[in-house]
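Hi,

Here is the model I promised to hand over. Have a look at it first, and my notes on what turned up follow below.

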Amino acid sequence: MSTTITSTTTYTIVDIRKTFEGFSADFRMIATRTGKKSIGEVENYLNDIMAWAENKYLKYVDITLIDANSKPLKAARYSVDENGKAIQSERAGNNDWQNIANTKLMIIASMKDSWLKMPEEGRAKFKLENNFKISWGRSQIDNSYSHLSKEAAQLYASKGYELKKENFK
C-alpha cells in the first residue's frame, strides 16, 4: 500500500510584500551607493511598484544605471514568477554599484497585458486609488542589455510567489 501526499500553497498579498522586501532592500542599497536617488524618492517608487505587484500587473522591474547617452552601464532585473516553487527568500545583496559621474538611475517597470489592455480611465483610477507618487512614462532606454553580461542572482520568494533577480554588468 502506498500513500501520496501533496502540498498546495497559495500565496497571499502578505507573501507578495515579503517577496518584495529583498527588492526594496536592494533598491535602497543601490540608491545609496550610487547617490542617484534619495530614500524618499525610492519610497515613492516602491509605493507604485508595490501597488502594481499586489494587483498582479507587474511582469518585471529593472533598476538601471545609464550614462549621458541613455546607454545602460549596469542593471538589475527582478522578474515576477507567480507559479514558483520556492517558499523563502535569499538574503538581499550583491549590489556593488558605484557613484559614477554623469549617470542616472532609472526604474523601468514592465507590465502584463492585463494592465496594458486596461482603458486609460481604468489605469488613471487605479493610480489615484493607490496614491501613485511617480509620473511614469514610456521608456526610451534599450533594456535588452545585450551589450552587458548577465548573471543570475538572488531569488526572493514566499509560498511560491517569486522574484528572480538577474544582474547585468
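Strand 1 and strand 3 run antiparallel and are joined by eight bridges. If you want a spot to click on, Ile63 stands opposite Ile107 in strand 3. On top of that, strand 1 runs antiparallel to strand 2, with seven bridges between them; Thr64 has Ala75 in strand 2 as its bridge partner. The hairpin of strand 1 and strand 2 has five residues between the strands, and Ser70 there takes a positive phi near 65°. Strand 1 is also mostly covered, with eight of its nine residues buried. Bear in mind that this is a predicted model.

Next, the pocket. The largest one holds about 750 Å³ of space. Its lining comes to 28 residues, and those nearest the centre are Ala109, Trp136, Gly137, Arg138 and Ser139. Which element gives the most to that lining? Strand 3 does, with eight residues. Other elements that supply at least two residues each include strand 1 (58-66), helix 2 (39-54) and helix 4 (120-129). By class, you get 15 nonpolar, seven polar and six charged residues in the lining.

Now for the rings. I count 16 aromatic pairs. One of them is Phe23 with Phe27: the ring centres are 5.8 Å apart and the planes sit at 40°, between the 30 and 60 degree limits, so the pair is tilted. Both residues belong to helix 1 (residues 13-34) and are four residues apart, about one turn of the helix. Phe23 and Phe27 are both buried.

Tyr78 and Tyr156 make another pair. Their ring centres are 6.5 Å apart and their planes are at 15°, which is under 30 degrees, so this pair is stacked. It links distant parts of the chain, as Tyr78 is in strand 2 (residues 72-81) and Tyr156 is in strand 4 (residues 150-158), 78 residues apart. Are these two buried or exposed? Tyr78 counts as buried because its relative accessibility is 0%, and Tyr156 counts as buried at 0% too.

One last thing to look at while you have strand 2 on screen: the charged end of Arg77 sits over the ring of Tyr60, 4.0 Å from the ring centre.

Cheers

Terms used:
Residues numbered from 1 in each chain as written. Predicted model: local features only at pLDDT ≥ 70, side-chain atom pairs only at ≥ 80, totals over all residues. Heavy atoms only, no water. 1 Å grid on protein atoms, 1.4 Å probe; cavity = no way out; pocket = protein on both sides within 12 Å on 5 of 7 lines; lining within 4 Å. Points joined across faces, edges and corners; volume = space filled by probe spheres on them. Nonpolar A, V, L, I, M, F, W, Y, C, P; charged D, E, K, R; others polar. Phe/Tyr/Trp six-rings, centres within 6.5 Å; stacked < 30°, edge-to-face > 60°. Buried < 20%, exposed > 50% of the residue type's maximum accessible area, 1.4 Å probe, protein only. Lys NZ or Arg CZ within 6 Å of the ring centre and 35° of its normal. Pairing = 2+ DSSP bridges.
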